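Trainee: Could we go through this one together, with a few questions about its charged pairs and buried spots?

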Amino acid sequence: MIEQFVREGWVHVPGAFTTAAAARCRALLRAELLRTEGVDLDDPAGWTAPVLRVAGMGDAAFAASADTPALHAAFDALVGPGRWRPRTGMGTFPVRFPVPGAPGDDGWHVESSFAGPDGGPRLSVDSRGRSLLMLFLYSDVGPDDAPTLLRSGSHHEVARLLAPYGTAGADWLPFCAEAVRATAGCPEVAATGRAGDVHLVHPFVVHRAQAMSPAARRPRVIAQPPLEPASEPAFDLRAGTAPAERVVREALGRGVRAAPRGSAPRRPPGSSR
């Protein structure tokens, strides 16, 4: 698991939580969509939008799906024991439906992880605010079910691109444009699996959503919360040895050095910022 994560930037944890737990969570989301949108996950007659978003759910069932021995062991292995916070909520749920139409949220990008002085989204080479991106599958996700696409191995290049900005970080939108261009040659992997599976993804992996295929027979239900660090920043770029930060340290050791802590961001060569 560790070597794949270091090399490819993601690992698939099958059966991270039970299918029964996934079903309980889907039932809660079904009730919430009925209440807020009048849309029934079990009734295709009401499926008209390609994607609907459900705001964070505080039910214990969702917290329990992230509080399992399999996930704790994986968090410890990738981030380090005592270096991550337990999840108490799962963030926003993008629920996708097999209907025509562009979802409008399917561009390649890297996740932002903190707000800058102006309140705008940013990300930094020491990954303030995010240790991992996580994809929790609450429904089966096959090739037709809009699996998230990952640019495998892209985290190495993204780490190198982020380094010149230092710990102050880069503005999210212009940096995304740069990262997407630089990683266009990376192979694409679809984050498929069964309900109860989780994909753990390095925060620097370039990825995107998809529209569902009309051939799909049911809505796709996932959550995509961060694994947050127990203390900031997530990565120790001087002495850290956990696999998630090891990737970054190795990338910086190949001819690029991180800017001193607290330094102002600088434009990397070729940047359009």
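Trainee: How does Arg-7 count, by its relative accessibility?
Mentor: Happy to start there! This is a predicted model, where local features need pLDDT of at least 70 and side-chain atom pairs count only at pLDDT 80 or more, while totals for chains, interfaces and linings use all residues. Residues are numbered from 1 along each chain as its sequence is written, and side-chain values use heavy atoms, with hydrogens and water left out. Buried means under 20% relative accessible area, exposed over 50%, and partly exposed in between (1.4 Å probe, protein chains only), so at 48% Arg-7 counts as partly exposed.

Trainee: Which residue does Arg-7 meet in a salt bridge?
Mentor: A salt bridge needs a side-chain nitrogen of Lys or Arg within 4 Å of a carboxyl oxygen of Asp or Glu. Here the N to O distance is 3.0 Å, and the partner of Arg-7 is Glu-8.

Trainee: Nice. How many residues apart in sequence are the parts tied together by Glu-245 and Arg-83?
Mentor: Their side chains meet in a salt bridge at 2.6 Å, N to O. Glu-245 lies in helix H7 and Arg-83 in the loop between helix H4 and strand S3 (DSSP runs, helices being H or I of at least four residues and strands E of at least two, numbered from the N terminus). The pair therefore ties together parts whose separation in sequence is 162 residues.

Trainee: Is Glu-245 buried or exposed?
Mentor: Its partner Arg-83 is partly exposed, with a relative accessible area of 28%. For Glu-245 the relative accessible area is 1%, so Glu-245 is buried.
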